[in-house]
Amino acid sequence: MLWSVDVKGEPEPEITWSWRDNIPLTVSENIKIETGNYHTNFSIKDAKRADTGKYKILATNASGKDEVEVELVVLGAPGKCQGKLEVSNVTKKGLKLKWKKPLDDGGCPIKEYKIEKLKNRNGKWVRCGTVKGGPEILEADITGLDEGATYKFRVFGVNDEGESEPLESEEVVAKNPFDEPWKPGQPEIVDFDNKSVKLKW
């Protein structure tokens, strides 16, 4: 990223650069500033998403000062989705996932969220769903689970620049919320007549 600026004024103005809350900028490993002969160059090597913000150039001489502010937007992959990846409505065949969109969309809209599952800690993540980007809070119904298997899930935000770090869930077992009742004990006849039988177990 390079800004090249001509500066006018007599005597020749002194030039300073700053950003955000008037934080002074100086030459560093990734910032290069060249000033002289009524001209200044400001460049950032390998600009990253964190370099996004408002930058200010200030020209000062004995007659006064003037300044210009310009905004730099560095595009990148979205940030990680917020909070926990919540799991609810678990049954032996499916469940519901819920999460919040990232605070930082990377400077361009999130097109979709990619959902993957990991079964029985086998080390192989498999795509199991996609949700379009947009709302603040997002949900997905996951089906096709194997009863009794242990699963983990993760969600990625995806934009034109790439995908976010994954937000992972806790492990969950695919099972109905209530277990089937146990087999009853052996029934015993405690009384009978010619019309009925009384049992206990």
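Biologist: Where does N37 lie in the chain?
Modeller: Quick ground rules: this is a predicted model, in which local features need pLDDT of at least 70, side-chain atom pairs count only at pLDDT 80 or more, and totals for chains, interfaces and linings use all residues. Residues are numbered from 1 along each chain as its sequence is written, and side-chain values use heavy atoms, with hydrogens and water left out. Strands here are DSSP E runs of at least two residues, numbered from the N terminus. On that numbering, N37 sits in the loop between β4 (31–35) and β5 (39–44).

Biologist: Is N37 buried or exposed?
Modeller: Buried is under 20% relative accessible area, exposed is over 50%, and partly exposed is in between, using a 1.4 Å probe and protein chains only. N37 has a relative accessible area of 65%, so it counts as exposed.

Biologist: And what is the phi of N37?
Modeller: N37 is not a glycine, yet its phi is positive. The value is about 55 degrees.

Biologist: R20 isn't a glycine either, so to speak; what is its phi?
Modeller: R20 belongs to the loop between β2 (14–19) and β3 (23–24). Its relative accessible area is 45%, which means it is partly exposed. Its phi is positive, at about 50 degrees.

Biologist: Which residue follows E10 across a cis peptide bond?
Modeller: The residue is in the loop between β1 (2–6) and β2. The bond from E10 has omega near -5 degrees, and it leads to P11.

Biologist: Moving inside, which residues have the most contacts within the largest nonpolar core?
Modeller: A nonpolar core is a set of buried Ala, Val, Leu, Ile, Met, Phe, Trp, Tyr and Cys residues joined through side-chain atoms within 4.5 Å. The largest one here has 20 residues, and β9 (95–100), β10 (112–119), β12 (137–142) and β13 (150–159) each supply at least two of them. A second, separate core of 15 residues includes I15, W17, W19 and F42. Back in the largest core, the residues with the most contacts are L97, W99, Y113, I115, I142 and F153.

Biologist: Which residue in β12 is the bridge partner of L97?
Modeller: Strands pair if DSSP finds at least two bridges between them, and β9 and β12 pair in the antiparallel sense over six. Not counting residues up to four places away, L97 touches L85, E86, V87, I115, L138, E139, A140, I142 and F153 (contact means heavy atoms within 4.5 Å). Its bridge partner in β12 is A140.

Biologist: Which strands are the edges of the open sheet that includes β9?
Modeller: Three strands make up this sheet, in the order β8-β9-β12, with antiparallel pairing. An edge strand pairs on one side only, and that applies to β8 (82–88) and β12.

Biologist: How many of the 10 residues of β13 are buried?
Modeller: β13 has several antiparallel partners, including β10, joined to β13 by eight bridges. Two bridges join β13 to β16 (residues 172–173), and another two join β13 to β14 (residues 162–163). β13 is largely enclosed by the rest of the structure because the buried count is eight.

Biologist: Which residue of β14 stands opposite V158?
Modeller: V158 is also the bridge partner of E112. A hairpin of two residues joins β13 to β14. In β14, the residue opposite V158 is E163.

Biologist: How far from K117 is the nearest side chain of opposite charge?
Modeller: K117 is in β10 and it is buried. Lys and Arg count as positive and Asp and Glu as negative, with His and the chain ends not counted; a salt bridge needs a side-chain nitrogen of Lys or Arg within 4 Å of a carboxyl oxygen of Asp or Glu. Leaving aside neighbours within four places, its contacts include K124, W125, Y151 and F153. K117 has no salt bridge, and the nearest opposite charge, on D146, is at 6.8 Å.

Biologist: Last one: what separates the C-alpha atoms of W201 and P187?
Modeller: W201 is in the segment after β18 (197–200), and its relative accessibility of 69% means it counts as exposed. Beyond its neighbours within four places in sequence, W201 is in contact with P184, G185, Q186 and P187. W201 and P187 are 14 residues apart along the chain, and their C-alpha atoms are separated by 4.5 Å.

How values were computed
Helices (H or I, at least four residues) and strands (E, at least two) are DSSP runs, numbered from the N terminus.
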